[in-house]
Number of protein chains: 2
Amino acid sequence: MDKKETATTDTTEQRIFDAAHEVFVQKGLDGTKMQEIADRAGINKALLHYYYRSKEKLYEMVAKGVITRAIPVIRQTLESDLPLKEKIEAFIDFYINLISKNTFVPMFILGEVNKHPQYFVEHILPKDLPQPQKFLQQLEAEIAAGHIRPIRPEHLVVNIVSMCVFPFLAKPMAAIILGMPEEEIKAFLLERKTAVKDFVFAALRPDPTA
Amino acid sequence: MDKKETATTDTTEQRIFDAAHEVFVQKGLDGTKMQEIADRAGINKALLHYYYRSKEKLYEMVAKGVITRAIPVIRQTLESDLPLKEKIEAFIDFYINLISKNTFVPMFILGEVNKHPQYFVEHILPKDLPQPQKFLQQLEAEIAAGHIRPIRPEHLVVNIVSMCVFPFLAKPMAAIILGMPEEEIKAFLLERKTAVKDFVFAALRPDPTA
DNA sequence: GTCTATAAGCAGATAGAC
DNA sequence: GTCTATCTGCTTATAGAC
C-alpha cells in the first residue's frame with residue numbers, strides 16, 4: 001500500500017520524485033522538509049534543487065500528478081453509459097480501490113485545498129473537471145419512474161462519496177480510539193466496498209406504502 | 001460561525017488564546033506562524049512567549065481545548081439511555097450542529113493526527129475516550145428483534161459519522177468543483193441533518209421478504 | 001505587562017570542487 | 001551528476017528598557 005506501483009526507471013530524478021511524493025502526501029507543503037525528501041531518496045539536498053528548482057516546484061509536480069491520476073477514474077465512472085445501479089457499484093468499487101492504494105491522498109488533497117485554496121485553484125487543479133450532470137439526470141429519471149425512493153441527487157452523491165472516503169481519512173484516528181491493530185483496520189476497510197453498496201441500495205429501495 | 005461563543009474575559013491572555021485557536025485550527029502546527037497569531041491578537045510576538053512559553057505549548061493548549069470540548073458531546077449521545085432511533089437522531093443533530101459551529105475542527109483533528117500521530121497520542125488525547133459499546137449492543141438487540149435490517153454495527157456507525165463529517169471537510173473542494181457560491185453551500189450543508197437521517201432510516205427499514 | 005531589539009536556530013537555496 | 005560547504009532569510013525565542 002502506498003508504494004510506487006510502476007517504479008518506472010529508477011533514475012535519480014525519479015527516486016527524488018517518489019520520495020517527495022511520499023513525504024508531501026503525508027505531511028503537506030508546510031510540514032515537509034527538503035532534508036527528509038533527500039534522506040528518503042538517498043541523496044542530499046543540493047540534488048533536489050539541481051533537478052527541481054525549488055521546494056514549491058517539486059510540490060507542484062507531485063500535487064499535479066496526484067490530482068491528474070485521480071480525475072480520469074472519477075470521470076470515467078460518472079460519465080459512462082452504464083445503468084444507474086451498475087454505475088453506482090462501479091463508482092464505489094473504483095473509488096475505494098483507488099483510495100486503498102493511496103491512503104494519504106484524500107487527506108492530502110482536502111488538507112491542502114483548505115490551507116492554500118487560492119494556490120491550488122491556480123496552479124494545481126486542471127481546467128476540465130468531471131461533470132456529474134449526466135449521473136444526476138439518470139438518477140432523477142429513475143426516481144420519476146418510481147424505481148427508487150425519492151432523494152435529492154446531490155445528497156445521494158455526497159452520501160456515497162462520504163462513506164467511501166471518510167473511513168480512510170479517519171483511519172489513524174480510529175486506530176487510536178478503538179485500539180485496533182493495523183491488520184484489523186485493513187480488513188475492515190476492505191469490507192467497506194460491500195458495506196457501502198448494501199447500505200446505499202437498501203436506502204434506495206422504493207417505499208412499499210408509496 | 002467559527003467565532004468564540006463565550007468570549008469569556010477578554011484579557012490579553014484570552015485574546016492570544018482565541019487568536020491562536022483560529023490560526024492553528026485552520027493551518028495546523030506547521031502552517032502557523034507566531035507572527036500571525038500576534039497580529040490577530042493585536043499584540044507582538046514577545047507577549048506570546050510571555051504567556052505561553054513556546055509555540056508547541058500554545059498549540060498543545062489549543063488542541064487539547066478543541067478535543068476536550070468535542071468529546072463530552074459524543075460521549076453524551078453514545079452512552080445515553082435513549083432508544084436507538086432517537087439516539088441516532090440526537091447523534092446526527094448534535095454532531096452536525098457541533099461541526100457547523102466549528103467548520104475547521106474536523107479537518108484540524110484528522111490532519112494533525114495524520115501528521116503527528118505519535119505526538120497527538122502522547123500529548124493531546126485524553127485518557128478516557130467515549131465508548132461506543134453500549135450503542136453497538138443496542139443495535140444488535142434491535143437487529144435480533146427484527147426491527148431493523150441486519151447490518152454490521154461498526155459499518156453503521158462509520159456510515160453515519162462519514163455522512164455527517166465528510167461534507168464539511170470537502171466544502172472548500174466542492175465550492176471549487178461545483179462553483180457553488182458560499183451561501184448555496186451553507187444552505188446545502190444545513191439540509192444535511194434531515195438528509196442523513198432520512199437516508200439512514202431508509203437503509204435500516206426491515207426487508208419485507210425476510 | 002508590554003514593548004523594541006536582537007540572538008539563535010533552522011530550512012531553502014546556491015557556489016564551487018570533484 | 002553528485003557532493004561539501006556556505007549563504008541567506010525567516011521564525012522562534014530571549015534580553016532588557018519602559
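In this predicted model, a side-chain N or O atom of Tyr51(A) lies 2.6 Å from a phosphate oxygen of DNA strand D. Thr12(A) joins in from the same chain, with a polar side-chain atom 2.9 Å from a phosphate oxygen of DNA strand D. Chain B takes part as well: an N or O atom in the side chain of His49(B) is 3.0 Å from a phosphate oxygen of this strand.

Stepping back from these single contacts, DNA strand D is surrounded by 15 residues, and the closest are Thr12(A), Tyr51(A), Lys33(B), Lys45(B) and Lys55(B). Of the strand D atoms that come within 4 Å of the protein, 57% belong to sugar and phosphate. Helix H3 (45-51) of chain A and helix H3 (45-51) of chain B each supply at least two residues of the surface near DNA strand D. H3(A) gives the most to that surface, with 4 residues. Sorted by class, the surface near DNA strand D holds 7 nonpolar, 5 polar and 3 charged residues.

Attention can now turn to DNA strand C. Here 15 residues lie around the strand, and Met34(A), His49(A), Lys55(A), Thr12(B) and Tyr51(B) come nearest. Sugar and phosphate make up 59% of the atoms of DNA strand C that come within 4 Å of the protein. A side-chain N or O atom of Tyr51(B) is 2.6 Å from a phosphate oxygen of DNA strand C, and for Thr12(B) the corresponding side-chain distance is 3.0 Å. Lys55(A) makes its approach through the backbone, with a polar backbone atom 2.7 Å from a phosphate oxygen of DNA strand C.

H3 of chain A and H3 of chain B each supply at least two residues of the surface near DNA strand C. For this strand, H3(B) gives the most, with 4 residues. The residues of the surface divide into 7 nonpolar, 5 polar and 3 charged.

How are the two protein chains arranged? A turn of 179 degrees and a shift of 0.0 Å along the axis lay chain B on chain A with an RMSD of 0.2 Å. The two copies are therefore related as by a two-fold rotation axis. The same surface serves both copies, as 100% of the contact residues of chain B recur in chain A. Among the residues of chain B, Ala203(B) comes closest to the rotation axis, its C-alpha lying at 1.9 Å.

How values were computed:
Residues numbered from 1 in each chain as written. Chains lettered and ligands numbered in written order. Predicted model: local features only at pLDDT ≥ 70, side-chain atom pairs only at ≥ 80, totals over all residues. Heavy atoms only, no water. Near = heavy atom within 4 Å. Polar contact = N/O pair within 3.5 Å; in protein donor to acceptor, adjacent residues only side chain to side chain. Nonpolar A, V, L, I, M, F, W, Y, C, P; charged D, E, K, R; others polar. Least-squares fit on C-alpha atoms with pLDDT ≥ 70 in both. Contact = heavy atoms within 4.5 Å.
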